[in-house]
Amino acid sequence: MTADDMITADASGTWKLGDLPVHRIGFGAMRLTGSAAFHHGTPSDRGRSLAVLRKAVGLGVNHIDTAAFYFSSLRSANELINTALSPYPDDLVIAAKVGPYRDHHGEWGTSARPDQLRGHVEENLRQLGRDHLDLVYLRRMRQDSIAEHFGALAELREAGLIRHLGLSGVEPRHLAEALEIAPVVSVQNRYAVDRPDPVDDEVLRLCGEHGIAFVPFYTVAGETGERGATTAHDDAVLSVARAHGVSPAQVRIAWTLHQGPHVLAIPGTGNPGHLVENVAAGALRLTEEERARLDEARAQAG
């Protein structure tokens, strides 16, 4: 047994998504379905994916991020979650995203109109075997205003299908627009140590100011995005990893969590060993000097 095996998600601390407390290390379901997300790569081994989910919960993970459009030619993330974890633990928070759409062949279609969002929500409910969703993100799909789409989700919240609302892929103006309509508990934007973006830095800051969770995606994947974890780590990440005797991926997760107490991590994997490492990264404490070195490298990457 390695030291990582004994580290559970509570080592990362906690944050509340509205009234729902979660550990700051969660789990992203995108990589459950194959060697890469969506139609990239080869479909996953079903038994291994189910085992990863059960192990995640066993390690104290109580925040899982998913979507109905997370599927490969053979696997559906939502179906795997339902099979592995239902009946669900009382403290498990499942977040889903709506907006994007893929047809049964896996091809990306036109994103949802406001009047289609209820269908997207109900499809997630059906696949997960739930009567409501704890948190639903509106994934912005290049629209200039999100008012109509977010308003439609706010109505579903009033109807009891959704407990809390979030936003994904937004700029500060979209967050302001949403807050005029209904409470926002979480924002999910792309964010990584090797991907400087002043707009996302400002969204992160605003979320902290409003007590809203900031939940980065592709933190470990970096520039490779949906195709999987990057192997291109800069010298700062590698040197910090060597100093702590951990993997570069663990440093990337730890740096993310160090951006503020409201920042959550949802690293995804279909590999049990990587899952243990990802959860253990929540206990990794970087020194001020290490953080400064990583921040400087990030600034130079821009």
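Author: Angles under 35 degrees count as roughly parallel, over 145 as roughly antiparallel, 65 to 115 as roughly perpendicular, and the rest as oblique. The model discussed here is predicted.

Reader: Why are H2 and H3 called oblique to each other?

Author: Take the angle. The axes of H2 (residues 77-85) and H3 (residues 117-128) cross at roughly 40 degrees. Angles under 35 degrees count as roughly parallel, and 65 to 115 as roughly perpendicular. The crossing angle falls in neither range, so the two helices are oblique. Their axes come within 8 Å.

Reader: Which residues make that contact?

Author: H2 brings Asn78, Glu79, Ile81 and Asn82. H3 brings Asn124, Gln127 and Leu128. By class, that is two nonpolar, four polar and one charged residues.

Reader: What makes H5 and H6 roughly parallel?

Author: Again the angle decides. H5 (residues 172-179) and H6 (residues 198-210) pack at about 30 degrees. The cut-off for roughly parallel is under 35 degrees. H5 is therefore roughly parallel to H6. Their axes lie 9 Å apart.

Reader: Which residues of H5 and H6 meet?

Author: Pro172, Leu175 and Leu179 come from H5. They meet Val199, Glu202, Val203, Leu206, Cys207 and His210 of H6. The contact of H5 with H6 has seven nonpolar, one polar and one charged residues.

Reader: What is the order of the strands in the open sheet?

Author: Seven strands form it, in the order E3-E4-E5-E6-E7-E8-E9. The pairing is parallel.

Reader: Why are E3 and E9 called edge strands?

Author: E3 (27-28) and E9 (213-214) each pair on one side only. That puts them at the edges.

Reader: How do you know that E5 and E6 pair?

Author: Count the bridges. Four join E5 to E6 (residues 133-139), and the two strands run parallel. Pairing needs at least two bridges, so E5 and E6 qualify. One of the partnerships sets Lys97 against Tyr137 in E6.

Reader: Which helices pack on these strands?

Author: H3 touches E4 (63-67), E5, E6 and E7 (162-168). The direction of H3 makes about 145 degrees with that of E5. H4 (residues 147-158) lies across E5, E6 and E7. H4 runs at about 165 degrees to E7.

Reader: How do you know that E1 and E2 pair?

Author: The same test applies, with a cut-off of at least two bridges. E1 (residues 14-17) and E2 (residues 20-23) share four bridges, in the antiparallel sense. Among them, Lys16 is partnered with Pro21 of E2. Two residues sit between the strands of this hairpin, and Gly18 takes a positive phi near 65 degrees.

Reader: What is notable about the phi of Arg142?

Author: The phi of Arg142 is positive, about 70 degrees, although the residue is not a glycine. Arg142 is found in the loop between E6 and H4.

Reader: Why is the peptide bond from Ser86 to Pro87 called cis?

Author: Look at omega: the value for this cis bond is near 0 degrees. Pro87 itself has its place in the loop between H2 and E5.

Reader: How many residues line the second largest pocket, and which are the closest to its centre?

Author: The pocket has a volume of about 360 Å³. Its lining has 18 residues, and the closest to the centre are Ala68, Phe71, Arg102, Glu123 and Gln127. Two elements, E5 (93-98) and H3, give two or more residues to the lining. H3 gives the most, with six.

Reader: What classes of residue make up the lining of that pocket?

Author: Six are nonpolar, seven polar and five charged.

Methods. Residues numbered from 1 in each chain as written. Predicted model: local features only at pLDDT ≥ 70, side-chain atom pairs only at ≥ 80, totals over all residues. Heavy atoms only, no water. Axes fitted to C-alpha atoms, helices over the stretch in contact; angles between N-to-C directions. Contact = heavy atoms within 4.5 Å. Nonpolar A, V, L, I, M, F, W, Y, C, P; charged D, E, K, R; others polar. 1 Å grid on protein atoms, 1.4 Å probe; cavity = no way out; pocket = protein on both sides within 12 Å on 5 of 7 lines; lining within 4 Å. Points joined across faces, edges and corners; volume = space filled by probe spheres on them.
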